[in-house]
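I am opening this notebook to record what I looked up in one structure, entry by entry. The entries cover charged pairs, cysteines and ligand surroundings.

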Amino acid sequence: MTTTPQREAELLASVPTGLLIDGRWRPAVSGKTFEVEDPSTGKVLLSIADAGPEDGAAALDAAAAAQESWAKVPARERGEILRRAFEMVTARAEDFALLMTLEMGKPLAEARGEVTYGAEFLRWFSEEAVRAFGRYSVSPDGKSRLLVTKKPVGPCLLITPWNFPLAMATRKVAPAVAAGCTMVLKSANLTPLTSQLFAAVMMEAGLPAGVLNVIPTSTAGATTGPLIKDSRLRKLSFTGSTEVGRRLLADASENVLRTSMELGGNAPFVVFEDADVDAAVAGAMLAKLRNMGEACTAANRFIVHDSVADEFAEKFAAKMSGMTTARGTEAESKVGPLIDAKSRDKVHELVTDAVAAGAVAVIGGAAVEGPGYFYQPTILKGVTEGTRILSEEIFGPVAPIITFSTEDEAVRLANNTEYGLVAYVFTKDLNRGIRMGERLETGMLGLNAGVVSNAAAPFGGVKQSGLGREGGLEGIEEYLYTQYIGIADPYAG
Ligand SMILES: NC(=O)c1ccc[n+]([C@@H]2O[C@H](COP(=O)([O-])OP(=O)(O)OC[C@H]3O[C@@H](n4cnc5c(N)ncnc54)[C@H](O)[C@@H]3O)[C@@H](O)[C@H]2O)c1
Ligand SMILES: O=CCCC(=O)O
């Protein structure tokens with residue numbers, strides 16, 4: 001489907017602009033709104049209600065009030081609501097894709113990919129809802145009986161980032177629904193529109209009032225801070241930067257809240273001398289350019305064996321130079337804009353710093369002139385260990401290459417970061433691939449693969465990349481607690 005200004009205007013007009021509280025869309029108590037921009041043009045797309053602390057409190061009131069009855073809804077019914085939501089999101093895939101492209105900037109083809117990925121969490125957890133099994137056993141001394149059950153943790157605060165506006169919401173909302181938890185969702189202020197449309201779909205799919213409450217806000221800390229301190233809140237699930245996650249963890253410690261933290265990354269992409277270089281380049285294109293490099297999973301450091309480094313850089317540059325930057329709605333767009341001017345400036349600062357320390361831009365190395373926040377796809381060779389670009393998240397289409405000569409050196413370079421989300425390894429030697437899996441300090445590994453994201457897999461990191469897992473069999477556990485009931489010997493007098 002092609003887009004036209006009229007189609008964009010009609011879609012935007014269909015997005016709810018209020019706060020969703022207790023099943024009703026309504027304005028913020030203060031009457032305030034905030035503007036959502038198109039990062040391709042800098043123009044305002046829509047103004048939406050701007051929640052403040054009073055609205056946050058009302059959202060938690062609704063979630064707390066709905067918790068008891070929602071937990072009693074049979075798991076099959078909860079699963080069926082998710083299944084209907086999956087069908088509805090899929091039926092409206094073009095609307096969701098266009099809305100994400102408009103507010104976040106990613107090319108339409110990528111946005112369609114995110115709809116498939118994001119919707120899959122709804123389908124996956126519609127199936128998992130009925131599998132929150134407990135167990136019954138006889139104690140080792142043969143006397144008591146042990147009954148172990150799983151219960152919903154209770155009202156949850158879900159905080160999502162701007163880079164995957166649909167998938168980051170479905171990855172939290174779907175397991176919470178499956179487990180029987182109620183929610184307050186604070187979407188990202190840069191990309192709240194997709195969550196608004198998604199929440200409307202959840203309501204249409206049959207979610208009872210109060211189960212999902214949505215509070216977009218331009219004052220995240222002031223609005224959600226009091227909720228984290230409220231004893232009715234039982235869980236905080238956050239996806240975003242390590243810096244903010246660390247602060248929220250400290251706040252959450254006051255009430256000893258259950259937390260899931262999906263934080264930043266600094267993924268190494270290791271290419272061994274025995275790798276299929278063409279396959280490594282194809283993987284590198286995905287690992288680097290998916291979402292314009294604005295992904296926690298983005299390859300941030302290309303660690304390439306010195307015997308194949310020139311071939312890899314040349315072939316990578318040839319592929320990258322075919323990547324046209326343009327508004328995501330344009331047919332030729334392969335790389336959209338970065339989210340805002342501040343992010344683009346940060347990317348350029350890291351590139352400038354690396355070049356000052358001796359790196360050479362094989363291609364790119366500058367912002368694209370004109371409207372929007374575009375940055376040229378860039379490859380840097382000869383990057384020096386210790387430069388900022390190797391230790392900070394780039395969050396842009398920039399690939400720094402460093403070289404190594406032994407497996408031990410590759411491991412040392414790859415693990416030389418406080419992050420531990422994902423690593424990518426390209427080798428034809430399966431034993432080496434397995435050794436790398438065992439030696440790399442990450443929650444996920446792509447072995448000859450440039451993308452690992454999959455609703456059926458446990459997504460998450462170690463070290464300062466976070467706590468907990470989303471998706472897979474593990475995802476629902478984050479929203480359940482275990483209760484054990486000890487039963488006296490049924491044969492005793
Ligand atoms: N590990 C993962 O699964 C994953 C997925 C996506 C993004 N990320 C990370 O997210 C970051 C990019 O996203 P971002 O820029 O939106 O991150 P961010 O930390 O700035 O913001 C994330 C969310 O937290 C909110 N927020 C900010 N300050 C807050 C506060 N004091 N109290 C409550 N909420 C607050 C924001 O409004 C947003 O909704 C990157 O570091 C990226 O790696 C991680
Ligand atoms: O930005 C991080 C999330 C990326 C993903 O889920 O694939």
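**Entry 1: R26 and its partner.** I began with R26 in this predicted model, and I noted that R26 counts as buried because its relative accessibility is 18%, where the cut-off for buried is under 20%. I then looked for its charged partner and found that R26 forms a salt bridge with D55, with the closest N and O atoms 3.1 Å apart. Since R26 belongs to strand β2 (residues 24-26) and D55 to helix α2 (residues 53-72), the pair ties together parts that are 29 residues apart in sequence. I checked D55 as well, and at 2% relative accessibility D55 counts as buried.

**Entry 2: R327 and D38.** I next looked up the salt bridge between R327 and D38, whose closest N and O atoms are 2.7 Å apart. This pair links distant parts of the chain, for R327 sits in the loop between α11 (309-320) and α12 (341-356), D38 sits in the loop between β3 (33-37) and β4 (44-49), and the two are 289 residues apart. Is D38 buried or exposed? I recorded a relative accessibility of 2% for D38, so D38 counts as buried.

**Entry 3: E477 and K150.** For the third pair I noted a salt bridge between E477 and K150, with 3.2 Å between the closest N and O atoms. E477 lies in the loop between β21 (466-467) and β22 (480-487), while K150 lies in strand β6 (residues 145-152), so this salt bridge ties together parts that are 327 residues apart in sequence. I found E477 to be partly exposed at 33% relative accessibility, and K150 likewise counts as partly exposed, at 25%.

**Entry 4: the wider count.** How many salt bridges does a search of the whole structure find? I obtained 32 from that search. I also wrote down a network of salt bridges that links E273, D274, E407, D408, R432, R435 and R439.

**Entry 5: cysteines.** I searched the whole structure for disulfides and found 0. I then asked why C156 is not bonded to C181. The sulfur of C181 is the closest cysteine sulfur to that of C156, but at 4.0 Å the two are too far apart for a bond, given that a disulfide requires sulfur atoms within 2.5 Å. Looking from the other side, I confirmed that C181 is in no disulfide and that its nearest cysteine sulfur is that of C156, 4.0 Å away. I noted that C156 is buried, with a relative accessible area of 1%, and that C181 is buried too, with a relative accessible area of 0%.

**Entry 6: ligand 1.** Which residues come nearest to ligand 1, out of the 30 around it? I listed T160, R171, S241, L263 and E393. Among the polar contacts, I found an N or O atom in the side chain of S241 at 2.6 Å from an oxygen atom of ligand 1, and a polar side-chain atom of E393 at 2.5 Å from an oxygen atom of this ligand. I also found a polar side-chain atom of W162 lying 2.8 Å from an oxygen atom of ligand 1. Taken alone, ligand 1 exposes 840 Å², and I recorded that the protein buries 86% of that.

**Entry 7: T191 and W162.** I followed W162 one step further, because the side chain of T191 reaches the backbone oxygen of W162 at 3.3 Å, within the 3.5 Å cut-off for a polar contact. I placed T191 in the loop between β8 (183-186) and α7 (193-204), and I noted that T191 is buried, with a relative accessible area of 1%.

**Entry 8: ligand 2.** I closed with ligand 2, which is surrounded by Y117, N163, F164, M168, R171, R290, A295, C296, T297, S453 and F459. By class I recorded this shell as 6 nonpolar, 3 polar and 2 charged residues. For the polar contacts, I found a polar side-chain atom of Y117 at 2.7 Å from an oxygen atom of ligand 2, an N or O atom in the side chain of R290 at 2.8 Å from an oxygen atom of the ligand, and an N or O atom in the side chain of S453 at 2.4 Å from an oxygen atom of the ligand. Taken alone, ligand 2 exposes 240 Å², of which the protein buries 98%.

Key:
Residues are numbered from 1 along each chain as its sequence is written. Chains are lettered from A and ligands numbered from 1 in the order in which they are written. This is a predicted model: local features need pLDDT of at least 70, side-chain atom pairs count only at pLDDT 80 or more; totals for chains, interfaces and linings use all residues. Side-chain values use heavy atoms; hydrogens and water are left out. A salt bridge is a side-chain nitrogen of Lys or Arg within 4 Å of a carboxyl oxygen of Asp or Glu. Helices (H or I, at least four residues) and strands (E, at least two) are DSSP runs, numbered from the N terminus. Buried means under 20% relative accessible area, exposed over 50%, partly exposed in between (1.4 Å probe, protein chains only). A residue is near a molecule or strand if one of its heavy atoms lies within 4 Å of it. A polar contact is a pair of N or O atoms within 3.5 Å; within protein, one must be able to donate a hydrogen and the other to accept it, and residues adjacent in sequence count only if both atoms are side-chain atoms. Accessible areas come from the Shrake-Rupley method with a 1.4 Å probe; for residues, only the protein chains shown count as cover. Ala, Val, Leu, Ile, Met, Phe, Trp, Tyr, Cys and Pro count as nonpolar, Asp, Glu, Lys and Arg as charged, and the others, Gly among them, as polar.
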